[in-house]
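This report describes the fold of a protein chain, beginning with its overall composition and then turning to selected elements. The sequence and model are shown first.

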Amino acid sequence: MSAGTTVRFALLVALLLVTSGGWMLSVTRGLSGSGAWGCSLAAGIDPLNGSDLAVAFRTGAQRAAYDACLARYQRLPPEWVIVVWPALVLVTAGGLFWALPRWRSRRGRVVPLEKVDRDGEVRDAVEELATRIGLKQTPRVVVDPLATSASAVVFGSNSRPTVCLHGGLLLRRAADPDGFRAVVLHELAHIRNGDITVTYATIAIWRVFLAMVLLPYLAWYARQFARGFESPFWPSYAPTVTWNFAVAMFLVVLMYLARSDVLRSREIYADLAAVRCGANPRSWAAPAPGAPPGGLRRTLAAFAELWRSHPRWDLRRASLTDPAPLFSVPALPMFLTGAAITMIIAEVTGYLKQYDLGYYGMAGSWEAQAVQLFAPPALVVGVAGVALWRAVAYAVLTSGRAPSGVRAGLWLGLGMAVTELGMREATIYQWVPSRMEALGLVVLVAVVITWWIGQCAQLWVRTWRGRTIGPWMRMTLAAAVLALASWFVWWQFQGTLLLAGVRLAPDELRRVLTQEYPAVAADHPLMTWAVNVALSTLSITRRWPLFLAAITALWVVPLLAWVLRPRTTNTTSWVSTALSDSDDAEPPAEPLPTLRRVLLPGLLGGVLCWAVVAGVHTYMHGWPANQRNALYLHIYLMWALLAMAASAAVAAAVASVLARHYRLLVALIAGHVATLVGFAGFFALASFDGCVQPLSTLFPECAWRPGLTWSMSSPYLALTLVASTVVAIAAAAVVSMARRVWSTTALPLPRPPAQIRRTTARRVCVALTCAVAVALTATLAIDWDPRRAPWWSGEASPDSDEDAAGAPDAAEAWERLARSTNPFEEKAPSELTRTMQMAAWRDYGGEELLGRFGHHWGRLTEALPKPATWAQPGHVDLSGVRPVCADIGQTAREARRYFRIPDSEGQQHWQWLIARAEVGSRSCETAVARQDRALFLQSIKTLTQAADSGLEAYKRVEAVSRRPSS
């Protein structure tokens, strides 16, 4: 197993590069001029009195107008800015990386070893030590004659390293040869371990980041901070500016602490490598421990240790006899990893949202989920997962207590949750999100992922005695990456809405169901509410097919352990190889629980589900015929979902109680087996519906309808798989806590037999179960095309020819959704705010539209026939009027897509203007085409009324927007 420090360096480099692009993008956007504030005010937003939720839904209700305003006035930088600045940072860091060793090797500071080693003794000693430690060639050696310490340093790169011996080390070589060998072996170990390139590359990138990104970013926001005091909206502006400063400072601290922690680990690894190659452990001189300091002094010493890039000498010497610190899972790295990954994902998602590169179009597709968020979860799992695997392996090999992963998950989740506050994904003008408790989901998910990794590590480490353990570790971590990626996708696009205070299951759908099907909704209000929750959840989860693959991996991957036969001999065991340099005896392999104990609860739970579904059929068979409608169908499917989820919960709880180890894994396996078996029975019964009259629910006649049953039940099946995973995890957690509390009084469970018989039958059973699970998941994922509207929504697909020009209806739907999702009350804006809102409405397009109306009416007056012409009978030439009427109608349609006037009186005139202009223009065009004089005169009268409304709207806008501020 790798040490994991290289992945941690990679995480830091990725954080710096991604942050470089995000921060400089915000600076470039600010320098290029932004109309976001003007567009917000024109939309009627009150930054001083409105909540973030009210702001979000006010812009959502006028989404088309708001997006058009931003596109016209915000002037976003080109997309290549996202890539150019990180690339510039990378290129500059590469130049600095190339220059650093040459600067350190400059004349006057160091001299070649040959100039001070006339007889070649030091050179021969270094070559002998390089061969002993395993280097193919001796690195370049120089001497710093002015350095008096008995030390050395290595710099350069892995391919071209340079060892710099201090003058004090050469002077003490004769008196302390063991010390000289230990120091040189330590530096050569850094070369063998590949520490040089990643260490100095990180140093170079960090220095370039400070100069090219952090300083300009802080300077820009210092300017914004100073200018913000002049704004009347400073109270709403202050949270963003303050949090941006706080995040910048937090990033500096995070980078320094993370880099120091990694470097401390690498120093201890180099010490161990030096000792293995012959260095005297006594060369690491440690002072004698003094009297134990007090609590405050111990706390301060521990805090100071966090900032050191080299561990204390006493800790280094203690690690030579007990390397346990290298195999622990400390809290600080987990917290820093969670913080770093949250920053990376927030910046990546910010790119997509900023340029609409997937927020609405690609966000639910396989492509976006694979490209967008797979690399960050791979980094976090590479850090936390590898650390857990190493800790478990070390504990098993030394007969210690293996970590469960829960504590590591808590610190990882806390890092993610705390950093989420600073990234402000769910806030606009507020200091903190509206629903802080939603951050508990972040911590819980991190705990579940690390708990699952820890149990999988114990499963394979305790049972597998093959030649290598590496493939099983990589398979487990790949499944964890899949699960974590699916979570990050959901959180960035839906979880942040929950954090902002949005209810993901609004009441609007329930109102529609109640209005459409009043009898069923009145008789079954609880099930109607459950259907509302299910359909709201389906409309969200169906966009993320990655969830289905992740859920399947969580229980199929550990189930594969029952396919392989553990080796009974230790001749080729990876354990014997790992203990080759130790005097510890190889721990005995621990047999797996019997497969019957794992699968039988699931099978019995599935049979229980059959009985419940049959009861549901009997119950719904007696419903009146006039209640057999769409809501009736959804309630039937909801009952099936509850039956399968309940059977999964029972099976998971029973399997957890029977399990001595791996409770989370057996709970997931048993719960999903119960779901699959239960769905098979439900599918058969629903497909043959009508053949057994007491159980007929959907159809009166007998027939075989598998296609129809699948199309109706597959969305609910996908939701059931999610629910089964949740209840299985909850059951395992409850049972584990209960067993921990009552472990002293619990009855002993019988141990599984030492040998697992019937290997072929067991393998066939596991293979069939996995094949069914994978095939079902693949079918569901393919069937869930995120670009196609679900059958239950009644919406047209994007490819349909249906007219999509219903902008007013869309706005009204947004307003209804806003009211139903989270009702909020907005205070009346102050006089100054109302003045600025009206001025923004006027300046960001309103005045232009009113001016176009006025221009069209002037043209209309000129194009009208003279009064004498109307007195003559016969044909009247109206050809010059028709294009003017068409232009008035086009302008009216554009005005309807523009913001509403943020004033009740002005909006009333604006509505009359638009409505009368639309009606008058249509009547005018029709009258001209038909040569209908009466209709034409009526249209002119309507357009005249529209002109009067436009004049009143203009007067109101001017009166309010020019009102002197108090």
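## Terms and basis

A residue is called buried when its relative accessible area is under 20%, exposed when it is over 50%, and partly exposed in between, using a 1.4 Å probe and protein chains only. Helices (H or I, at least four residues) and strands (E, at least two) are DSSP runs, numbered from the N terminus.

The model is predicted: local features need pLDDT of at least 70 and side-chain atom pairs count only at pLDDT 80 or more, whereas totals for chains, interfaces and linings use all residues. Residues are numbered from 1 along each chain as its sequence is written, and side-chain values use heavy atoms, with hydrogens and water left out.

## Overall composition

The protein contains 35 helices and 4 strands. Of its 966 residues, 51% are buried. Its accessible surface (Shrake-Rupley method, 1.4 Å probe, with only the protein chains shown counting as cover for residues) comes to about 44100 Å², and carbon and sulfur atoms supply 62% of that area.

Contacts, meaning heavy atoms within 4.5 Å, were also surveyed by sequence separation. Among those with a separation of 6 or more, 82% link residues 24 or more positions apart.

## Strand 4 and its partners

Strand 4 covers residues 161-166, and 6 of its 6 residues are buried, so the strand is largely enclosed by the rest of the structure. In a regular strand the side chains alternate between the two faces of the sheet. Here Pro161, Val163 and Leu165 point one way, while Thr162, Cys164 and His166 point the other way.

Two strands pair if DSSP finds at least two bridges between them. Strand 2 (residues 140-144) runs parallel to strand 4 and is joined to it by 5 bridges, with Val141 opposite Val163. Strand 3 (residues 152-156) pairs with strand 4 in the antiparallel sense, also over 5 bridges; Gly156 has Pro161 as its bridge partner. A hairpin of 4 residues connects strand 3 to strand 4.

## Helices 17 and 34

The expected span of a helix is 1.5 Å times one less than its number of residues. Helix 17 (residues 406-423) has 18 residues and extends 25 Å between its first and last C-alpha atoms, close to the expected 26 Å. Its buried residues include Gly409, Leu412, Met416, Glu420 and Met423. Arg424, just after helix 17, has a positive phi of about 55°.

Helix 34 (residues 904-930) has 27 residues, and its end C-alpha atoms are 39 Å apart, which agrees with the expected 39 Å. At its N-terminal end, Asp903 acts as a cap, with a side-chain oxygen 3.3 Å from the backbone nitrogen of Glu905. Gln931 follows helix 34 and has a positive phi, near 60°.

Conventions
Polar contact = N/O pair within 3.5 Å; in protein donor to acceptor, adjacent residues only side chain to side chain.
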